[in-house]
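Me: I have a model open and want the labels justified. Please set each value against its cut-off.

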Amino acid sequence: MPMSRWIEPVALSGRHVTLEPLAHAHADELATATRDGELWKLWYTHIPAPEAVGSYIDDALAAREHAGAMPFAVRHNDSGVVVGTTRYLNVDAIHHRLEIGYTWYARHVQRTALNSECKLLLLQHAFETLGAIAVEFRTHWHNRASRAAIARLGAKQDGVLRQHQRAPDGSYRDTVVFSILDSEWPTVRRSLRFALAMPDPD
């Protein structure tokens, strides 16, 4: 199966959030989202400034077409507003592995049920529909909030890739790698659903 065909565009909906295939129509709302907290000023992650959102979407759609990635816009159901973005990337269709990343949200929805449900929807689709055997998460060593949030999902730390990537300012990023295996998914799913006060289907 060609890598670009393993993951097709799909909308994933929950109680708090809907994930929509990313499109240029989301640009204005994403520009507003990145202004909430001036997210582009965080030195340890890559979040576009408002004027760079269009090119950010261009790059995400190019990754979808040429690398099998699947970027999503994150819509907050209560307000009906797009408040961030997330993505499947580093897609390995042969071995059924992928990464969840490029996730960022407007400050006012950070540390809310929105993120937990977003991850639940992405993991559920990866394991139960796509048949993934492992899902990775990667983050900057200095992004302690992200590392803690990934660990709270139930992901296990696999290791640290030293001097893994070079930033535009010339500094090097140490990347922390986490993963969840298909055998671990039922327990992770139960934990996420418990946190969201949702009954587990099993």
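Me: What makes Arg111 count as exposed?

Reply: First, the ground rules. This is a predicted model, where local features need pLDDT of at least 70, side-chain atom pairs count only at pLDDT 80 or more, and totals for chains, interfaces and linings use all residues. Residues are numbered from 1 along each chain as its sequence is written, and side-chain values use heavy atoms, without hydrogens and water. Now Arg111: its relative accessibility is 79%. Exposed means over 50%, buried under 20%, partly exposed in between (1.4 Å probe, protein chains only). So Arg111 counts as exposed.

Me: Why is Tyr102 called partly exposed?

Reply: Tyr102 has a relative accessible area of 39%. That value lies between the two limits, so the label is partly exposed.

Me: What is notable about the phi of Tyr102?

Reply: Phi of Tyr102 is positive, about 50°, although the residue is not a glycine. Most residues other than glycine have a negative phi. Arg111 also has a positive phi, near 60°.

Me: Why does strand E1 stand at an edge of the sheet?

Reply: The open sheet has the order E1-E2-E3-E4-E5-E6-E8-E7. Strands are DSSP runs (E, at least two residues), numbered from the N terminus. Two strands pair if DSSP finds at least two bridges between them. E1 (12-13) has a single partner strand, so one side is left without a neighbour in the sheet. E7 (156-166) stands at an edge too.

Me: How do you know that E2 and E3 pair?

Reply: Five bridges join E2 (residues 17-21) to E3 (residues 70-76). The requirement is at least two, so they pair. The two strands run antiparallel, and Pro21 stands opposite Phe72 in E3.

Conventions: Helix = DSSP H or I, 4+ residues; strand = E, 2+ residues; numbered from the N terminus.
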